[in-house]
Amino acid sequence: MKIKYNTEIISGLVFVIVAAILWLLIPSQIQTLEKSAINAQTIPRIAIGGLFLCSAGLLIQGLLSHDKKEIVITRETFHSEGFRREMRSVIFALMLIAYCFLVTLLGFIISTILLVISILLFYGARKWYYYAIPLVMVGVVYYVFGVLLRISLP
């Protein structure tokens, strides 16, 4: 099976939709009683507005471009090194999504330690200090934010 696609159109469209959804979610996620022009919603609106503009530019660039990539999908495609590499990226993204859910259930320290260990195991880290450094950093982040600055972590 042959598929022709334009990566600029696909990525531009996906991120225009993501930016629009995030823009609509800002008032419910960042509630403020301030009526001034600059409030707690200002920086997220600037960042998401920038994401929207860049994504719209990418979408327009893709629509004006005639370059299309062609991929041929066969049974051998699923056994290729490129497919394995892409699947590793997908699994990594799923690990991060699972972390987002676990952090609310288990808290910052336990879920972050689980994430660090699972990522290192997934990528085959063998040396002990590859595990020690991020685990110490989790403790440092907790100490700085939770103890010194008294900012509650999830």
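Which residue lies over the face of Trp-23? That is Arg-45, at 4.7 Å from the ring centre. Keep in mind throughout that this is a predicted model. I will go through the helices, then the rings, then the charged groups, and end with a few single residues.

Let me start with helix α4, residues 108–122. This helix has 15 residues and reaches 21 Å from its first C-alpha to its last, close to the 21 Å expected at 1.5 Å a residue. Which residues of α4 are buried? They are Phe-108, Ser-111, Thr-112, Leu-115, Val-116, Ile-119 and Leu-120. These residues cover an arc of only 160° around the axis, which puts them on the same side of α4. Look at the numbering and you will see steps of three and four. An α-helix has 3.6 residues a turn, so residues three or four places apart point the same way. As for what covers the buried residues of α4, the cover includes α3, residues 81–106, and α5, residues 128–148. After α4 comes Gly-124, with a positive phi near 75°.

Next, helix α2. The span of α2 runs from residue 42 to residue 64. With 23 residues, α2 reaches 33 Å between its first and last C-alpha, close to the 33 Å expected at 1.5 Å a residue. Buried residues in α2 are Thr-42, Ile-48, Ser-55, Leu-59 and Gly-62. Against which helix do they pack? The buried residues of α2 pack against α1.

Just ahead of α2 sits Gln-41, in the loop between α1 and α2. Is Gln-41 buried or exposed? Its relative accessibility is 12%, and buried means under 20%, so Gln-41 counts as buried. Leaving out residues up to four places away in sequence, Gln-41 touches Ile-26, Pro-27, Ile-30 and Thr-32.

Now the rings. How many aromatic pairs does the structure hold? It holds 4. A pair of aromatic rings is described by the distance of the centres and the angle of the planes. Take Phe-122 and Tyr-123: their ring centres are 5.1 Å apart and their planes stand at 80°, so this pair is edge-to-face. Phe-122 is partly exposed, at 24% relative accessible area. Tyr-123 is also listed as partly exposed, at 45%.

Another of the pairs is Trp-128 with Tyr-129. Here the centres are 5.8 Å apart, the planes make 90°, and the pair is again edge-to-face. Trp-128 has 64% relative accessibility and counts as exposed, while Tyr-129, at 34%, counts as partly exposed.

Going back to Phe-122, ring pairs link Phe-92, Phe-122 and Tyr-123 into a cluster. Phe-122 also has a charged neighbour: Arg-88 lies over its face, at 4.7 Å from the ring centre.

On to the charged groups. Side chains of opposite charge can pair when their charged atoms come close. How many salt bridges does the structure hold? The count is 1. The partners are Arg-84 and Glu-81, whose closest N and O atoms are 3.7 Å apart. Both residues lie in helix α3, and they are 3 residues apart, about one turn of the helix. Neither end of this bridge is buried: Arg-84 is partly exposed at 46%, and Glu-81 is partly exposed at 49%.

Two single residues remain. Arg-150 is found in the segment after α5. What is the sign of its phi? The phi of Arg-150 is positive, about 55°, although this residue is not a glycine. Arg-150 is exposed, with a relative accessible area of 74%.

The other residue is Val-18, in helix α1. Val-18 is partly exposed, at 32% relative accessible area. How far is its C-alpha from that of Tyr-123? The two C-alpha atoms are separated by 29 Å, and the residues are 105 apart along the chain.

To recap: the buried residues named in α4 sit on the same side of that helix, the buried residues of α2 pack against α1, and Phe-122 belongs to a ring cluster with Phe-92 and Tyr-123. That is the end of my part.

Key:
Residues numbered from 1 in each chain as written. Predicted model: local features only at pLDDT ≥ 70, side-chain atom pairs only at ≥ 80, totals over all residues. Heavy atoms only, no water. Helix = DSSP H or I, 4+ residues; strand = E, 2+ residues; numbered from the N terminus. Expected span 1.5 Å × (residues − 1). Buried < 20%, exposed > 50% of the residue type's maximum accessible area, 1.4 Å probe, protein only. Arc of directions from axis to C-beta. Contact = heavy atoms within 4.5 Å. Phe/Tyr/Trp six-rings, centres within 6.5 Å; stacked < 30°, edge-to-face > 60°. Lys NZ or Arg CZ within 6 Å of the ring centre and 35° of its normal. Salt bridge = Lys/Arg side-chain N within 4 Å of Asp/Glu carboxyl O.
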